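I opened my notebook and went through this structure step by step. Here is what I looked up, in the order I looked.

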Amino acid sequence: MRIDLITKEYPPHIYGGAGVHVAELVKVLRKTIEVKVRCFGEIRDESDTFAYTHPVDFDSANPALQTMATDLAMVSDMASTDLVHSHTWYANFAGQVASKLHGVPHLITAHSLEPLRPWKEQQLGGGYLLSSYIEKSAYEDATGIIAVSAGMRDDILRAYPQIDPGKVTVVHNGIDLEAFQAAKDLDSVRANGVDPDKRSVLFVGRITKQKGLPYLLKAARDLPADVQLVLAAGAPDTPQILQEVTELVEELRKIRSNVIWIQKHLSRPELIALLSSATVFACPSIYEPLGIVNLEAMACSIPVVATATGGIPEVVAHNQTGLLVPIEQLKDGSGTPIDEARFVSDFAAALNQMLDSKQLREFGEAGRTRVEQHFSWSSIADQTLSVYRRAIDNFK
């Protein structure tokens, strides 16, 4: 069996959860089947891995058009595959066209949905309308769809009601259990401005509306004075959200001296060191199909306080591996809390409850056990292979 896996992100250029997913899945799948990776950007020094860019004629084009041109550059090279597997809208167009041209099944893994990120229209204008069109067309036409959580599956069927529910299968994201485990490195933690001898609440994520960082910054006003707030946050979506976060950090620093904002890209050892030294991991997302960051924290035996939205409740077991904070959200696709003040207050209360818990160690150990039992990449790869076989059999 040969699979052509299509993705924008691939090592060493990874900036989000979809890229992590692809990189880890490929490593395990290649132990069993032939996998050719087709990604965006610079040439990769890896066997069976091919990188593509848009033609120079598109240098000044809208980024969405550049994406389509890059996708089309891949299509002819997939002539001998058994199945194409695309990840995110950036790659869906290539998968759809290759499926039509070569008569092979097209499988999509859904990591996020354009209709549930409506704020991107303000950022991208017509580019967002084009990405939304590409995604909708590909999803409705695909042979099968993998949702990374049951919550994500529900979102897909709400966003695209014409899709047959029978072709949407849940296969969770996974975690590299060998790479992510508690590993103290006090020098690394101190080098990033954090005191490992003091309590801390850690946030890791991009500065984007869906990650909910402004809500955490407001909730942090109610944290105990001795608790450090550590923000490993960069790659802002827009200047506007960067300005909002910057202003909130400046306001918070007027009443707290221990707000540490790490804006650089962290290496994996640096990230693991920060996770391993944290008291509590905070995930205030308002849209999260699964949340690999929570898996990473749990793998490092750190309790998690997270929003009860999307796929997060399938990862964080309430009162066992952490605490889930309820949220009532607008139904317009934005995920905005209906009562922001209540959500912020509830998030602060959950953080304080966890910080004061006498069972922090037990919560952390339960988190590690949970990821070992349910989220190993070997298990995820086995489930993905089963979906591949069904898609190929059904397509015939």
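**Entry 1: Empty space inside**

The model is predicted, so I keep that in mind for every entry. I began with enclosed spaces and found three cavities of 30 Å³ or more in the structure. Rolling a probe the size of a water molecule over the atoms is what shows where empty space is left.

I then looked up the largest cavity, which has a volume of about 50 Å³. Which residues line the largest cavity? I wrote down Phe-203, Val-204, Gly-205, Lys-211, Phe-281, Ala-282, Cys-283, Pro-284, Ser-285, Glu-288 and Val-293. Strand E8 (200-206) and strand E11 (280-283) each give at least two residues to this lining. Sorted by class, the lining of the largest cavity has seven nonpolar, two polar and two charged residues.

**Entry 2: A pocket**

Next I turned to the second largest pocket, with a volume of about 510 Å³. It is lined by 19 residues, and the closest to its centre are Leu-116, Asp-155, Arg-158, Leu-330 and Lys-331. By class, I noted six nonpolar, seven polar and six charged residues in the lining of this pocket.

**Entry 3: The sheet with E8 and E11**

I had already met E8 and E11 at the largest cavity, and here I found them again in an open sheet of six strands. The order is E10-E9-E8-E11-E12-E13, and the pairing is parallel. Which strands stand at the edges? They are strand E10 (259-262) and strand E13 (322-325); each has a single partner strand, so one side of each is left without a neighbour in the sheet. On average, neighbouring strands of this sheet are turned by 20° against each other, direction ignored.

I zoomed in on one pair: E11 and strand E12 (residues 304-307) run parallel and are joined by three bridges. Phe-281 has Val-304 in E12 as its bridge partner. Phe-281 is also among the residues lining the largest cavity.

Helix H9 (residues 239-253) packs on this sheet, where it touches strand E9 (228-234) and E10. The direction of H9 makes about 155° with that of E10.

**Entry 4: The sheet of seven strands**

I looked up another open sheet, this one with seven strands in the order E3-E2-E1-E4-E5-E6-E7 and with parallel pairing. Strand E3 (49-52) and strand E7 (168-170) are at the edges with a single partner strand each, so one side of each has no neighbour in the sheet. Neighbouring strands here are turned by 20° against each other on average, direction ignored.

My close-up was of strand E1 (residues 2-6) and strand E2 (residues 34-40), which run parallel and are joined by five bridges. In that pair, Asp-4 has Lys-36 in E2 as its bridge partner. I reminded myself that strands of a sheet pair through backbone hydrogen bonds.

Helix H6 (residues 150-159) lies across strand E5 (106-110), strand E6 (144-147) and E7. H6 runs at about 165° to E7.

**Entry 5: Two helices that meet**

At what angle do helix H1 (residues 17-29) and helix H14 (residues 377-395) pack? I read about 80°, with their axes 9 Å apart. That makes H1 roughly perpendicular to H14, because angles from 65 to 115 degrees count that way.

From H1, the residues in the contact are His-21, Glu-24, Leu-25, Val-28 and Leu-29. They meet Trp-377, Ser-378, Ala-381, Thr-384, Leu-385 and Tyr-388 in H14. By class, this contact has seven nonpolar, three polar and one charged residues.

**Entry 6: Two backbone oddities**

Most residues other than glycine have a negative phi, and most peptide bonds are trans. With that in mind, I looked up two exceptions. A cis peptide bond joins Pro-11 and Pro-12, with omega about 10°. Pro-12 sits in the loop between E1 and H1. Asp-48 is not a glycine, yet its phi is positive, at about 60°. I found Asp-48 in the loop between E2 and E3.

Technical notes
Residues numbered from 1 in each chain as written. Predicted model: local features only at pLDDT ≥ 70, side-chain atom pairs only at ≥ 80, totals over all residues. Heavy atoms only, no water. Axes fitted to C-alpha atoms, helices over the stretch in contact; angles between N-to-C directions. Helix = DSSP H or I, 4+ residues; strand = E, 2+ residues; numbered from the N terminus. Parallel < 35°, antiparallel > 145°, perpendicular 65-115°, else oblique. Contact = heavy atoms within 4.5 Å. Nonpolar A, V, L, I, M, F, W, Y, C, P; charged D, E, K, R; others polar. Pairing = 2+ DSSP bridges. 1 Å grid on protein atoms, 1.4 Å probe; cavity = no way out; pocket = protein on both sides within 12 Å on 5 of 7 lines; lining within 4 Å. Points joined across faces, edges and corners; volume = space filled by probe spheres on them.
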